Structures are given as C-alpha cells and as structure tokens.
Amino acid sequence: MRSLGVVVASGREKAYAYLKDTVLTDPAMQGEFLSEQEIADRIGVSRTPIREALLLLAAEDLVQLVPKRGARVAPLSGREISELMELRGIVERYAAQQVIGAERAPLQELGELLQRQRELNGPDQAKEFIAVDHLFHSTLVAAVGNALLERHYDGLRSRQVRAGVVALYNQHGRQEAVLHEHQDILTALAAGDATAACAAIDSHLQSTLKVLLAG
C-alpha cells in the first residue's frame, strides 16, 4: 500500500517542539527545574521521549542537566544576550544590504507582519507578539535566498523569542517601541536606503539589548 505522505511527528520530536517553543519561551520558567512527568502528561507521551528531547536541548545549551535534580531551564546570561544581538545584527544587516541591492525586499510580507503585531496588545499576547516579531526578521533574512544562512538564523529562534518575551515583561511600553522600530526598518527598506536600514536594525537591536541587560 502506498504512503499517503502524512508525516507523523515522533514522541521525541513532539516533546522537543513543545519544550523549545512553549516551555523555554515562558519567562516564568527561566532558571526553573522541569518535571518530566508533568510535561509528559501535558502533551500525551511517555517520559522517555521527554528525556531524549531534553538531551537535545542540553546539547544546544538551552537546558542544564543537573545530577540528581533533573533538567533546569538555562537562563540567558548577559554575555549570551549580547552575543545573540551581535550575531543577529551581522545577519540582518547583511540581509538588508542584499535585498536592497537586488531590489527584492519583501515589503508586502513585512508590512502584513507589522500590521499583525499592531493587533497584538498586552502581556497576555506577548508570546504571540514576539513570535510574529521573529517572523518579521526571519522573512527579511529568507528573502536573501541563501538556504544555509536562513537555517543558521532560524537556529537562533528559541533564544530570540525568549529574549524578546523577557524584554516585553521588563519594560512597560516596549511593544509600542518595537512597532516604531520595525516601521523604521520597513521604511528604510521601502526607500532602498541600505545605510538607513542597517542603522534602523542596529537601533532596534541595541534598544532590546539595553532593556534586557537593565532587567
């Protein structure tokens, strides 16, 4: 019988995705120990795939495995936050220069994502706001057309989302500031001004870094 082409995620994949996209991005979980059984019950798998997923996350330095105590969500250090913003700046400035030079900036997609962000207000929608924030930046990077670069940038997603959510909780009014900063990036891209686009990206990342380090 021929396969219908339906791909079913394994228990480990399901656990990995849940931990990385839901648990690790929760500001309340930073520095906390995880209950394997509680997570297994929550997503409907056994504890074995939870352990396997935690090993993968530990290899990425996203959780710490502590003997006799279990897995702890590794909080983002000041150095890690600074390095994250530095690496993002390198990639995003390059992306802006490339798409402007080739006249293929994804203006419509970025505009639509910015509008989606404007509709997400308040702390209860912070995670969704930051998920769209990541899409805004990753859409710019993807427009370069370099698959390796895109995968490399996507590897930053968990840390980027975690940092973004924490920044929103650390400073009142940060959501509105992000909207203005994204608009500045989009305006520069629309004008075909690579220098202004790079400056807007730097300003955005530096603002986020300042909020995170101050918190």
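In helix 10, the buried residues are Ala197, Cys198, Ala200, Ile201, His204, Leu205, Thr208, Leu209, Val211 and Leu212. Seen down the axis of helix 10, these buried residues fall within an arc of 165 degrees, so they line one face of the helix. The model is a predicted one. The points below cover helix 10, the pairing of helix 5 with helix 6, and residues in three loops.

**Helix 10**

- Helix 10 covers residues 194-214, which is 21 residues. At 1.5 Å a residue, a helix of this length should span 30 Å, and the end C-alpha atoms are 30 Å apart, so the expected and computed spans agree.
- The buried residues of helix 10 pack against four other helices: helix 4 (78-101), helix 6 (126-142), helix 8 (157-170) and helix 9 (174-190).
- Thr195, Gln206, Lys210 and Ala214 are exposed, and they sit on the face of helix 10 turned away from its buried side.
- Ser203 also belongs to helix 10. Its relative accessibility is 40%, and because exposed means over 50% and buried means under 20%, Ser203 counts as partly exposed.
- Between the C-alpha atoms of Ser203 and Ala126 the distance is 21 Å, and the two residues are 77 residues apart in sequence.
- The N-terminal end of helix 10 is capped by Asp193. A side-chain oxygen of Asp193 lies 3.2 Å from the backbone nitrogen of Thr195.

**Helix 5 and helix 6**

- Two packed helices are described by the angle between their axes and the distance between the axes.
- For helix 5 and helix 6, the axes come within 9 Å and cross at roughly 170 degrees. Because angles over 145 degrees count as roughly antiparallel, helix 5 is roughly antiparallel to helix 6.
- On the helix 5 side, the residues that meet helix 6 are Glu109, Leu110, Leu113, Leu114, Arg116 and Gln117.
- On the helix 6 side, the residues that meet helix 5 are Phe129, Val132, Asp133, Leu135, Phe136, Thr139 and Leu140.

**Gln117 in helix 5**

- Gln117 lies in helix 5, which runs over residues 107-118.
- The relative accessible area of Gln117 is 0%, so Gln117 is buried.
- Leaving out residues up to four places away in sequence, Gln117 touches Phe129, Val132, Asp133, Val178, Leu179 and His182.

**Ala105, between helix 4 and helix 5**

- Ala105 is found in the loop that lies between helix 4 and helix 5.
- Apart from its neighbours within four places in sequence, Ala105 is in contact with Val99 and Leu189.
- Ala105 and Gly192 are 87 residues apart in sequence, while their C-alpha atoms are 8.6 Å apart in space.

**Loop residues with positive phi**

- Asp61 is placed in the loop between helix 3 (47-59) and strand 1 (63-66). The phi angle of Asp61 is near 65 degrees, a positive value in a residue other than glycine.
- Asp61 has a relative accessible area of 55%, and because the cut-off for exposed is over 50%, Asp61 is exposed.
- Lys68 is placed in the loop between strand 1 and strand 2 (70-73). Phi of Lys68 is near 70 degrees, again a positive value in a residue other than glycine.
- Lys68 counts as exposed, with a relative accessibility of 92%.

Note on methods: Residues numbered from 1 in each chain as written. Predicted model: local features only at pLDDT ≥ 70, side-chain atom pairs only at ≥ 80, totals over all residues. Heavy atoms only, no water. Helix = DSSP H or I, 4+ residues; strand = E, 2+ residues; numbered from the N terminus. Buried < 20%, exposed > 50% of the residue type's maximum accessible area, 1.4 Å probe, protein only. Contact = heavy atoms within 4.5 Å. Expected span 1.5 Å × (residues − 1). Arc of directions from axis to C-beta. Polar contact = N/O pair within 3.5 Å; in protein donor to acceptor, adjacent residues only side chain to side chain. Axes fitted to C-alpha atoms, helices over the stretch in contact; angles between N-to-C directions. Parallel < 35°, antiparallel > 145°, perpendicular 65-115°, else oblique.
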